[in-house]
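Trainee: Got a minute to go through this one with me? I'd like to start with what counts as touching.

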Amino acid sequence: MSLAPQPDATPDASKGAFTPRVFSGIQPSGGLTLGNYLGALKRFAAQQGQRETIYCLVDLHAITVWQEPEALIRQTREAAAGFIASGVDPDASVLFAQSQVPAHAELGWLLMCVARMGWMNRMTQFKDKAGKNAEAVSLGLYAYPALMAADILAYHATHVPVGEDQKQHVELTRDIAAKFNHDYGVDFFPMTEPVIEGPATRVMSLRDGTKKMSKSDPSDASRINLSDDADTIAQKIRKARTDAEPLPGSMEGLKDRPEAKNLVNIFAALTDETADAICARFEGQGFGAFKPALADAAVAVLGPITGRMNDLMRDPGELDRILRAGAERADAISAPIVEETRRIMGMIPKR
Ligand code: AQP
């Protein structure tokens, strides 16, 4: 049975009852990484069948930094292929590109008028991404978390599976929802919960264990891409930065060894074991023994995903058709929620 959301599943806001509904997204701002897979995609697929699931390629977020148009459309299709290859079934879930559904931009503006400057100024991801260049970055990069709140609240989503780095943005979503409900005296938007679980909520760079693995890191060696072939994966893991110490019997012994800790966490997330179990298996051994085993585990999991992605990418027209069908279903859920938001705020009804 498909658990895909239906338009009439919109919660009865007047009773404050919200249908459990999952929403999450990934920016098509580059090729997908192992961090995106373990921190997001794998968990997106696992949510299917438990709750209604809505997944989005957030291209409006991607353009907060410069994207070559030809690259953006290719990356958006590649991300769609990555979702499907990772187990997101476009019949069981709603899968679409953010810019295809007007509710995101429209509610984004409405919620920007609810969000406070002081809240936005505290967003650490903006500070990280803007760096010393804050005067020259786009206004969109600064406003991005308010658009993310709109992405979530346009579906009255109750649960958002994300990596650790997005926790602050989901908390901001709750602040915006609470202020809207309070200011207008309604119980219209839910208090969305971030769902952050598993050993890979923060996969770190292979070159620097204190930095997040990121698709826009200038160093390709810092990440494993879902498009990498088996040899490339093995080579990147072989060259991953580590230390000369043998592995301890439990994670406790890795407290001050960020690179080693990261590789053990990746192993655990790939094989669905605990990080302590991985330590116990390799106790007393160096990375010469550990890395080939990790490379085998990574290739075993990612190889079939890459193969399926490549198959799907051979038919961009079919990917576009899947995304358009998803966008229609997303529109049917989000348009009435945005219309009701407009009504609550005192705007003349569209119909
Ligand atoms: N390294 C990571 N470990 C665990 N989870 C991660 N996610 C991203 N990187 C890691 C999770 O993937 C989802 C989508 O993230 P995103 O692509 O929309 O944005 P991001 O977090 O900014 O990812 P990147 O790769 O760092 O993108 P760029 O380089 O374009 O900024 C989120 O759930 C995120 O937590």
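Mentor: Sure. Two residues are in contact when heavy atoms of theirs lie within 4.5 Å. Keep in mind that this is a predicted model.

Trainee: OK, then which residues is S250 in contact with, leaving aside its neighbours within four places in sequence?

Mentor: D276 and C279. S250 itself sits in the loop between α9 and α10, and α10 covers 258-271.

Trainee: And is S250 buried, exposed or partly exposed?

Mentor: Partly exposed, because its relative accessibility is 29% and that class runs between 20% and 50%.

Trainee: How far is S250 from A268?

Mentor: Their C-alpha atoms are separated by 12 Å, and the two are 18 residues apart along the chain.

Trainee: Let me zoom out. How many helices and strands are there in the protein chain?

Mentor: There are 13 helices and five strands. Buried residues make up 51% of the 351 residues.

Trainee: What does the radius of gyration say about the chain?

Mentor: The value is 21 Å, and a compact globule with 351 residues would have one near 20 Å, so the two agree. The C-alpha atoms fill a box of roughly 70 × 45 × 40 Å along the principal axes.

Trainee: What share of the contacts comes from residues 24 or more positions apart?

Mentor: 75%, counting contacts with a separation of 6 or more.

Trainee: Now the helices. What is the angle between α7 and α8?

Mentor: Helix α7, residues 139-153, packs on helix α8, residues 167-184, at about 70 degrees, with the axes 9 Å apart. That angle makes α7 roughly perpendicular to α8.

Trainee: Which residues meet there?

Mentor: From α7 you have Y144, P145, A146, M148, A149, I152 and L153, and they meet H169, V170, L172, T173, I176 and A177 of α8. By class, that contact has 11 nonpolar, two polar and no charged residues.

Trainee: What about D151, where is that?

Mentor: D151 is in α7. It counts as buried, at 2% relative accessibility. Not counting residues up to four places away in sequence, D151 touches F23, V58, H61, Q98 and H104.

Trainee: How far is D151 from S334?

Mentor: 9.3 Å between C-alpha atoms, with their positions 183 residues apart along the chain.

Trainee: You mentioned H104. Which residues of its helix, α4, are buried?

Mentor: Helix α4 is residues 103-112, and the buried ones are A103, H104, L107, G108, L110 and L111. Looking down the axis of α4, they fall within an arc of 165 degrees, so they line one face of the helix. On the other side of α4, A105 and W109 are exposed.

Trainee: Switching again: is K236 buried or exposed?

Mentor: Buried, with a relative accessible area of 8%. K236 is part of helix α9, residues 230-239. Leaving aside neighbours within four places in sequence, its contacts are L206, D220, A221, R223, I224, N225 and D228.

Trainee: Last one, G326. Which helix has it, and what does it touch?

Mentor: G326 lies in α13, residues 316-345, and is buried with a relative accessible area of 2%. Beyond neighbours within four places in sequence, G326 is in contact with V94, L95 and F96. From G326 to Q166, C-alpha to C-alpha, the distance is 24 Å, and they are 160 residues apart in sequence.

How values were computed:
Residues numbered from 1 in each chain as written. Predicted model: local features only at pLDDT ≥ 70, side-chain atom pairs only at ≥ 80, totals over all residues. Heavy atoms only, no water. Buried < 20%, exposed > 50% of the residue type's maximum accessible area, 1.4 Å probe, protein only. Helix = DSSP H or I, 4+ residues; strand = E, 2+ residues; numbered from the N terminus. Arc of directions from axis to C-beta. Axes fitted to C-alpha atoms, helices over the stretch in contact; angles between N-to-C directions. Parallel < 35°, antiparallel > 145°, perpendicular 65-115°, else oblique. Nonpolar A, V, L, I, M, F, W, Y, C, P; charged D, E, K, R; others polar. Rg over C-alpha atoms; globule rule 2.2 N^0.38 Å.
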